[in-house]
Amino acid sequence: MEANLRRWLSSLDPELAHRLGFTAAWLASKTAPAYLRGKFEFDEPILHQEVWGLKFSNPIGLAAGCDKNALLPSFWDQLGFGHIEIGSVTLNPSRGNLRPRLFRLEEDRAIINRLGLPSKGAQRVADRLSRISIDRMPIGVNIARMDTDTSVIEDYVRCATKMLPYASYLTINISCPNTKGGKILEKSDDLNPFLEELIKQVDNRVPILLKLSPLDSSKVIYDSQAESILETAVKHGVSGFVVSNTAKDRQELVTDSKLLDTIGPGGLSGPPIFQRAVQMIRYVRSCVGADYPIIGVGGITSAEDAYQMIRAGASLVQIYTALVYEGPMIVQTMKRDLAQLLKSDGHVSVASASGTAAEINALS
């Protein structure tokens, strides 16, 4: 039944399939919560951990971009995620870019999107989160900025202020490839005053993370822009990093180049960016050390992938594209397999495995 539903959804326009999938998930969450929890439940103490003072039942999270407007937090909890990241949320409502803006690359099990930050706006998302009561799963909120007349600092601070009462942590998306100003804060001259003001306003009420762009190649071992961002972030006291965002290039794809030309620009997610994400995690870990936890994201499709990111230096990981191609059972499967991998290597926790293969030039 589940496989048939996925095949049917994959035959539809990706954005329509997303909406229909959300509708089905919402109905299931409302009408059969006990069934969902029983079907997808898997709890193993070796997966438990505490990061930033928050308790996570497992390290598998839902990446930003899937549930942009906090429509399904209860459903994700029932599926067994250890945390979710809502957003990206913008201060004011935004329709995003024109359609078509979401594309599947079936041969690569990948996705290209140029959604352009569609959002119901911070107030609408805050209202939804205020009605949610989920104690066992941290909910992060990813915030970003559309091109507006307000200053970058004012826009982010006002959005963060609205999210603060409901966010377990805030992720500042400084690396969105799909808007005109989405990467402006990757310049240290802009990032420095921005972080100074934002962290002053947040005042240690929640952890603040930065979401970074991927490296240009899985073989890069030095990047001056990335190091400048990391140095500035650490100086101002950020709590950690989300590594990494989607990629603008089309490296490592087997999809026909003519189809890619037809699709045009957008952020690439899925397995083709996995090795670059792993390398970026190693790189960030080598620069900032273990005191700044990393959430690894980018192309994870299995427990083995998640374990590789953890060994590279991640404390938590996130998935999205794999959920599209593999369906909801992937969460339980990844947790079971990850627990076994940890035990097989003699680890007593996720934390004891994190960073055990963090050499920048080690790709295995």
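Student: Is lysine 55 buried or exposed?

Tutor: Start with the cut-offs: buried means under 20% relative accessible area, exposed over 50%, and partly exposed in between, with a 1.4 Å probe and protein chains only. Lysine 55 has 61% relative accessibility, so this residue counts as exposed. One caution: this is a predicted model, where local features need pLDDT of at least 70, side-chain atom pairs count only at pLDDT 80 or more, and totals for chains, interfaces and linings use all residues. Residues are numbered from 1 along each chain as its sequence is written, and side-chain values use heavy atoms, leaving out hydrogens and water.

Student: Which side chain meets lysine 55 in a salt bridge?

Tutor: The general idea is that side chains of opposite charge can pair when their charged atoms come close. Here a salt bridge is a side-chain nitrogen of Lys or Arg within 4 Å of a carboxyl oxygen of Asp or Glu. For lysine 55 the partner is glutamate 50, at 3.0 Å, N to O.

Student: How many salt bridges does a search of the whole structure find?

Tutor: The search finds 10. One of them joins lysine 343 and glutamate 44 at 3.3 Å, N to O. Lysine 343 lies in helix α13 (residues 329–344) and glutamate 44 in the loop between α3 (33–40) and β1 (49–51), so this pair ties together parts that are 299 residues apart in sequence. Helices (H or I, at least four residues) and strands (E, at least two) are DSSP runs, numbered from the N terminus. Glutamate 44 counts as buried at 18% relative accessibility, while lysine 343 is partly exposed at 42%.

Student: Where do arginine 158 and glutamate 154 lie?

Tutor: Both are in helix α6 (residues 152–163), four residues apart, about one turn of the helix. Their side chains form a salt bridge of 3.6 Å, N to O. In addition, salt bridges that share partners join Arg37, Glu41, Asp77 and Arg136 into one network.

Student: What is the nearest side chain of opposite charge to arginine 285?

Tutor: For charges, Lys and Arg count as positive and Asp and Glu as negative; His and the chain ends are not counted. Arginine 285, in helix α10 (residues 274–288), is buried yet has no salt bridge, and aspartate 291, the nearest side chain of opposite charge, is 8.6 Å away.

Student: What is the radius of gyration of the protein chain?

Tutor: Taken over C-alpha atoms, the globule rule is 2.2 Å times the number of residues to the power 0.38. The chain has 19 Å, which agrees with the value near 21 Å for a compact globule of 364 residues.
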